[in-house]
Amino acid sequence: MKTEKNILLAFILNFGFSIFEFFGSVFTGSVAIMSDALHDTGDALSIGIAYFLEKKSSKHPDIKYTYGYRRYSVLGGLITTVILLTGSILVITNSIHKIINPSEINANGMIIFAIIGVLVNFLAALFTHKGDSLNQKAVNLHMLEDVLGWAVVLVGSVVIRFTGFTLIDPIMSICVAIFILINSLKNLKEITEIFLEKTPENIDISEIAKHIENINGINGVHHIHVRSLDGNIAFATMHIVTNENGKEIKDKVREELKEHGIFHATLELEQEDEICESHHCHIEFSNAVSHGHHHHHHH
Ligand SMILES: [Zn+2]
Ligand SMILES: [Zn+2]
Ligand SMILES: [Zn+2]
Ligand SMILES: [Zn+2]
């Protein structure tokens with residue numbers, strides 16, 4: 001889709017713009033501008049880290065990293081998230097300080113910086129709004145958010161210019177920073193769950209177990225583990241109890257797993273009279289009603 005050069009350019013523009021806005025915040029004394037500058041820094045970092053880690057994380061698995069390098073992109077997300085968390089807490093502290101000890105604000109300067117902010121983000125949104133994939137839609141929504149963030153600062157600066165109500169500046173700043181903080185905490189939760197090997201959000205182990213046990217010739221399934229490297233690609237391992245032909249059974253199970261979005265499975269086949277050594281991870285499947293995933297090939 002995007003060439004590497006475009007991504008690098010987007011990173012340089014975003015990053016340059018963030019630095020420009022940080023100067024704007026110092027120059028005008030506005031903490032609201034600092035909040036938006038922080039947000040834009042976060043955007044620049046995600047683009048930049050995606051650029052620098054994309055090559056690494058899409059590298060083919062090798063003997064050093066047999067699962068591949070996908071987690072490098074998760075690591076990138078973690079770095080960005082930690083920077084945004086720290087940044088938003090600093091901005092909130094700073095804004096509270098400004099509420100207690102108000103200082104001068106250069107309203108005219110603030111208006112100019114806010115106009116530039118709206119324009120730059122609007123142009124960025126205009127250039128990247130093509131396409132209607134899910135990912136592209138998320139990007140578009142984010143771009144709209146960026147424009148709105150600066151539009152709010154613009155309105156606030158006009159209010160300060162004509163009413164002298166400077167308290168609105170730290171209030172706007174805190175609102176934006178809390179927004180960044182909440183989003184970062186959500187990301188941190190997702191990333192942590194990947195590192196903790198939590199079952200991926202879109203995978204229903206009970207349902208998968210039920211569907212596999214419904215396959216002709218399969219008497220049971222246990223020792224199921226599903227993990228994700230990056231939140232998208234899922235790996236599964238399991239024991240399947242069967243007395244039937246191994247190849248046919250494995251094909252059927254792989255087919256079933258594909259319908260659940262799992263394309264990488266390690267299957268161990270067990271005869272019914274075999275004693276299984278793996279008791280450490282016996283889990284109870286919930287009898288949840290089947291949902292979302294309908295297919296009629298099980299009889
Ligand atoms: Zn943004
Ligand atoms: Zn199924
Ligand atoms: Zn196990
Ligand atoms: Zn077993």
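In this predicted model, Glu197 is found in the loop that runs between helix α6 (168-195) and helix α7 (205-213). The backbone of Glu197 has a phi near 60°, which is a positive value in a residue other than glycine. Most residues other than glycine have a negative phi. With a relative accessibility of 35%, Glu197 counts as partly exposed, because this value falls between the limit of 20%, under which a residue is called buried, and the limit of 50%, over which a residue is called exposed.

A positive phi also occurs within a strand, for His223 has a phi of about 60° although this residue is not a glycine. His223 is placed in strand β1, which covers residues 218-228. The relative accessible area of His223 is 16%, and His223 is therefore classed as buried, the cut-off for this class being under 20%.

Strand β1, in which His223 lies, belongs to an open sheet of three strands, arranged in the order β1-β2-β3 and with mixed pairing. The strands β1 and β3 (262-270) stand at the edges of this sheet and have a single partner strand each, so that one side of each is left without a neighbour in the sheet. On average, and with direction ignored, neighbouring strands of the sheet are turned by 20° against each other. Between strand β2, which comprises residues 234-242, and strand β3, the pairing is in the parallel sense and extends over eight bridges. As regards individual residues, His239 has Glu268 in β3 as its bridge partner. Helix α7 packs on the sheet and touches β1, β2 and β3, and the direction of this helix makes about 145° with that of β1. Helix α7 is also one of the two helices between which the loop holding Glu197 lies.

Turning to the surface of the model, a nonpolar patch of about 520 Å² is made by Ile96, Ile99, Ile100, Phe165, Leu167 and Ile171. The element that gives the most to this patch is helix α3, which spans residues 71-100 and supplies three residues. Ile100, one of the residues that make the patch, lies in helix α3. The relative accessible area of Ile100 is 62%, and Ile100 is therefore classed as exposed, since the cut-off for this class is over 50%. The same value also satisfies the requirement for patch residues, which is a relative accessible area of over 30%.

Notes:
Residues are numbered from 1 along each chain as its sequence is written. Chains are lettered from A and ligands numbered from 1 in the order in which they are written. This is a predicted model: local features need pLDDT of at least 70, side-chain atom pairs count only at pLDDT 80 or more; totals for chains, interfaces and linings use all residues. Side-chain values use heavy atoms; hydrogens and water are left out. Patches are made of residues with over 30% relative accessible area and no salt bridge: like charges are joined within 9 Å, nonpolar side chains (Val, Leu, Ile, Met, Phe, Trp, Tyr) within 5 Å. Accessible areas come from the Shrake-Rupley method with a 1.4 Å probe; for residues, only the protein chains shown count as cover. A salt bridge is a side-chain nitrogen of Lys or Arg within 4 Å of a carboxyl oxygen of Asp or Glu. Helices (H or I, at least four residues) and strands (E, at least two) are DSSP runs, numbered from the N terminus. Buried means under 20% relative accessible area, exposed over 50%, partly exposed in between (1.4 Å probe, protein chains only). Two strands pair if DSSP finds at least two bridges between them. Axes are lines fitted to C-alpha atoms, for helices over the stretch in contact, and angles run from 0 to 180 degrees between N-to-C directions. Contact means heavy atoms within 4.5 Å.
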